[in-house]
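Biologist: I have this one open and would like to go through it with you. Before we start, can you settle what you will mean by a contact?

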Amino acid sequence: MDIAENSLRDFEKHWNNAYLKTNVENLGWYEENPQPSIELIVECNLPKDAILFNAGAGATTLIDNLLEQGYTNIIVNDISSVALGELRDKIVIPKSANVTYIVDDLTNPTELNKLNNIDLWHDRAVLHFFTEFEQQTAYFNLIRNAVKTEGYVILAEFNLEGAKKCCGLNVVNYDENMLQKGLGKAFKLKKSFNYTYTQPSGNTREYVYTLFQKMA
Ligand SMILES: C[S@@+](CC[C@H](N)C(=O)[O-])C[C@H]1O[C@@H](n2cnc3c(N)ncnc32)[C@H](O)[C@@H]1O
């Protein structure tokens, strides 16, 4: 087994353990109400059957919210099959809607490489874990290929004043310029704001939320 394969297994194990040992509602990134994400998604004014992709979704409450709002075409991904199992157990999918689950590594994708028609890519608290340049490059390439022209990308990561670690892992802190550089000139920044998230423990975490659109 080479080093890349080894570290992939380590990350997969790390995240599976995180979801196995703590109730979803007590995880440091649990949001009862994913308000900033919802606001940005609504602002995109996409049709309800648009394809919404949630990268590193974990067991997020965003999926319940999107289904409640009538979105019918949602793809969720995570490296952790445990996380997606928990998500699958808790969401109620209306008959008219379709939720697809893809367990894959965003930095070394196999299944995700096949995506090419995404209307909206959403990432909250995922990219900042990709500390190696190669991981970041692979991830931004994946987004560039998967998102449609005129499609949207929401990236919400720890900002420059934010935490330096999460879930025992080092993170990279971002501002809007760094995210713009990663996505490249084909993506236009539509909106950006800092947001203070309060964890279930009462501690706070500083995020930067960004909305980009892929230009023709
Ligand atoms: C801090 S959690 C955020 C979860 C979710 N986005 C939210 O806001 O509640 C980070 C998530 O990214 C997932 N993840 C980490 N590295 C990943 C990778 N290389 N590919 C796919 N998912 C990954 C983890 O399993 C975890 O669910």
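Modeller: Two residues are in contact if their C-beta atoms, placed from the backbone, lie within 7 Å. Bear in mind that this is a predicted model, in which local features need pLDDT of at least 70 and side-chain atom pairs count only at pLDDT 80 or more, while totals for chains, interfaces and linings use all residues. Residues are numbered from 1 along each chain as its sequence is written.

Biologist: Fine, so which residues is Asn 73 in contact with, leaving aside its neighbours within four places in sequence?

Modeller: Asn 73 is in contact with Asp 49, Ala 50, Ile 51, Leu 52 and Asn 98. Asn 73 itself lies in strand β2, where strands (E, at least two residues) and helices (H or I, at least four) are DSSP runs numbered from the N terminus.

Biologist: Is Asn 73 buried or exposed?

Modeller: In between: Asn 73 has 18 C-beta neighbours inside 10 Å and therefore counts as partly exposed. A residue is buried if 20 or more other C-beta atoms, placed from the backbone, lie within 10 Å of its own, exposed if 12 or fewer, and partly exposed in between.

Biologist: And how much of the protein is buried?

Modeller: Buried residues make up 35% of the 216 residues. In strand β4 (residues 118-124), six of the seven residues are buried, so this strand is largely enclosed by the rest of the structure.

Biologist: Which strands does β4 pair with?

Modeller: β4 pairs with strand β1 (residues 52-55) in the parallel sense over four bridges, and six bridges join β4 to strand β5 (residues 147-158), again running parallel; pairing requires that DSSP finds at least two bridges between the strands. Asn 54 has His 122 in β4 as its bridge partner, and Arg 124 has Ala 156 in β5. From β4 the chain crosses through helix α5 (residues 133-146) to β5, and this β-α-β crossover is right-handed, meaning that, with the strands pointing away from the viewer, the path from the first strand over the helix to the second runs clockwise.

Biologist: Changing topic, which residues come nearest to the ligand?

Modeller: Of the 20 residues around the ligand (C-beta atom, placed from the backbone, within 6 Å of it), Trp 15, Gly 56, Gly 58, Ile 79 and Leu 106 come nearest. The elements giving two or more residues to this shell are α1 (3-21) and β2 (73-78).

Biologist: Last one, how many helices and strands are there in the protein?

Modeller: The secondary structure comes to six helices and nine strands.
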